[in-house]
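Trainee: I'd like to look closely at a single part of this molecule and see how it fits with what surrounds it. Could you walk me through it?

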Amino acid sequence: MSFLYQPTDEQPRVIHADHEILVVEKPAGLLSVPGRGEDRADCLIERLRGAFPTILLVHRLDMDTSGVMVFALTPHAQRHLSRQFEDRRTKKTYVARLWGRLEPKTGTVDLPLIVDWPNRPRQKVDHEQGRPAQTDWRVVKANDAETRVRLMPVTGRSHQLRVHMAELGHPILGDPLYATGAAADFPRLMLHAESLRFKHPETGVMQGFTAPAPF
């Protein structure tokens with residue numbers, strides 16, 4: 001699936017930096033890492049590399065998603081943080097606006113996911129070969145037109161939150177892959193990584209970083 005990449009002019013905001021880690025707010029419309037081809041070289045990690053030349057990747061956010069991301073500034077920090085993500089010891093909270101009224105107020109989606117090869121980068125539910133994926137949700141406010149939710153992914157599959165909400169019949173507003181019609185007709189994907197908690201790789205102390213949703 002091809003698309004014209006026109007990265008946003010909005011720059012990342014540094015939330016926290018020390019000699020081990022860098023925490024930033026990623027703008028929507030910017031790749032986390034370079035894509036294939038010179039036209040997809042502009043990305044978050046490259047924009048940060050000038051000021052933080054030792055920057056190392058730990059995790060990603062979708063191009064269309066904004067919010068809190070952590071990078072490592074040393075190989076030790078990269079190993080430490082990567083293991084926390086792999087072992088699901090990090091705590092992630094997202095804010096999203098969904099199509100329609102989501103009920104009940106809280107719940108969990110437990111649907112296994114796999115890449116939809118003919119339609120990459122789309123993912124799909126596959127009960128035979130999909131990898132386990134769980135998302136907890138909590139409604140913040142709702143009306144018949146839309147629902148504002150907090151999403152707490154238990155696992156970290158590609159496009160997990162977007163597919164899970166679409167499977168509930170309440171796609172995330174502005175989603176170019178999983179929403180259709182009026183639900184897709186928004187200026188951006190209404191998904192934002194609001195908070196991230198993890199243990200600092202040097203001190204072992206649990207720290208949390210937040211960035212309020214811009215929508």
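Trainee: Where is the place of Thr-65?

Mentor: Happy to help! Keep in mind that this is a predicted model. Thr-65 sits in the loop between α1 and β3. Its relative accessibility is 2%, and because buried means under 20%, Thr-65 counts as buried.

Let's see what surrounds this residue. Leaving aside neighbours within four places in sequence, Thr-65 is in contact with Lys-26, Pro-27, Ala-28, Tyr-94, Arg-188, Leu-189, Leu-191, His-192 and Ala-193. For a distance to compare with those contacts, take Ser-82, which is 17 residues from Thr-65 along the chain: the C-alpha atoms of the two are separated by 20 Å.

Now pick one of those partners, Leu-191, and follow it. With neighbours within four places in sequence again left out, Leu-191 is in contact with Thr-65, Ser-66, Tyr-94, Val-95, Ala-96, Leu-151, Leu-161, Arg-162, Ile-172 and Phe-215. Tyr-94 is in contact with Thr-65 and also with Leu-191.

Leu-191 leads us to the largest nonpolar core, which has 39 residues. Leu-191 is among the members that touch the most other members, along with Leu-22, Ile-55, Phe-71, Val-149, Leu-151, Ile-172. Several elements, including α1 (44-49), β3 (66-72), β9 (146-153) and β10 (191-199), each supply at least two residues of this core. The strand β4 gives the most, with 4 residues. Apart from this core lies another one, of 13 residues, among them Ile-21, Val-58, Leu-196 and Ala-211. There is a broader pattern to remember here: in soluble globular proteins, nonpolar side chains tend to be buried together.

Two of the contacts of Leu-191, Leu-161 and Arg-162, take us to helix α3, where both are buried. The other buried residues of α3 are Gln-160, Val-163, His-164 and Met-165. Because 6 of its 8 residues are buried, α3 is largely enclosed by the rest of the structure. In the loop between β9 and α3 we find His-159, which has a positive phi of about 60 degrees although it is not a glycine. His-159 is buried too, with a relative accessible area of 9%. Just after α3, Gly-169 takes a positive phi of about 90 degrees.

Another positive phi belongs to Arg-88, near 60 degrees, and Arg-88 is a residue other than glycine. Arg-88 lies in the loop between α2 (75-86) and β4, and at 44% relative accessibility it counts as partly exposed. In helix α2 itself we find Gln-84, which is buried, with a relative accessible area of 1%. The side chain of Gln-84 makes a polar contact with the side chain of His-80, at 3.1 Å. Leaving aside neighbours within four places in sequence, Gln-84 is in contact with Arg-89, Thr-90, Phe-198 and Lys-199.

To finish, have a look at the backbone after β4. In the loop between β4 and β5 (106-110) lies Pro-104, joined to Glu-103 by a cis peptide bond with omega about 0 degrees. A cis peptide bond also joins Arg-120 and Pro-121, with omega about 10 degrees; Pro-121 lies in the loop between β6 (113-115) and β7 (123-125).

Methods:
Residues numbered from 1 in each chain as written. Predicted model: local features only at pLDDT ≥ 70, side-chain atom pairs only at ≥ 80, totals over all residues. Heavy atoms only, no water. Core = buried A, V, L, I, M, F, W, Y, C linked by side-chain atoms within 4.5 Å. Buried < 20%, exposed > 50% of the residue type's maximum accessible area, 1.4 Å probe, protein only. Contact = heavy atoms within 4.5 Å. Polar contact = N/O pair within 3.5 Å; in protein donor to acceptor, adjacent residues only side chain to side chain.
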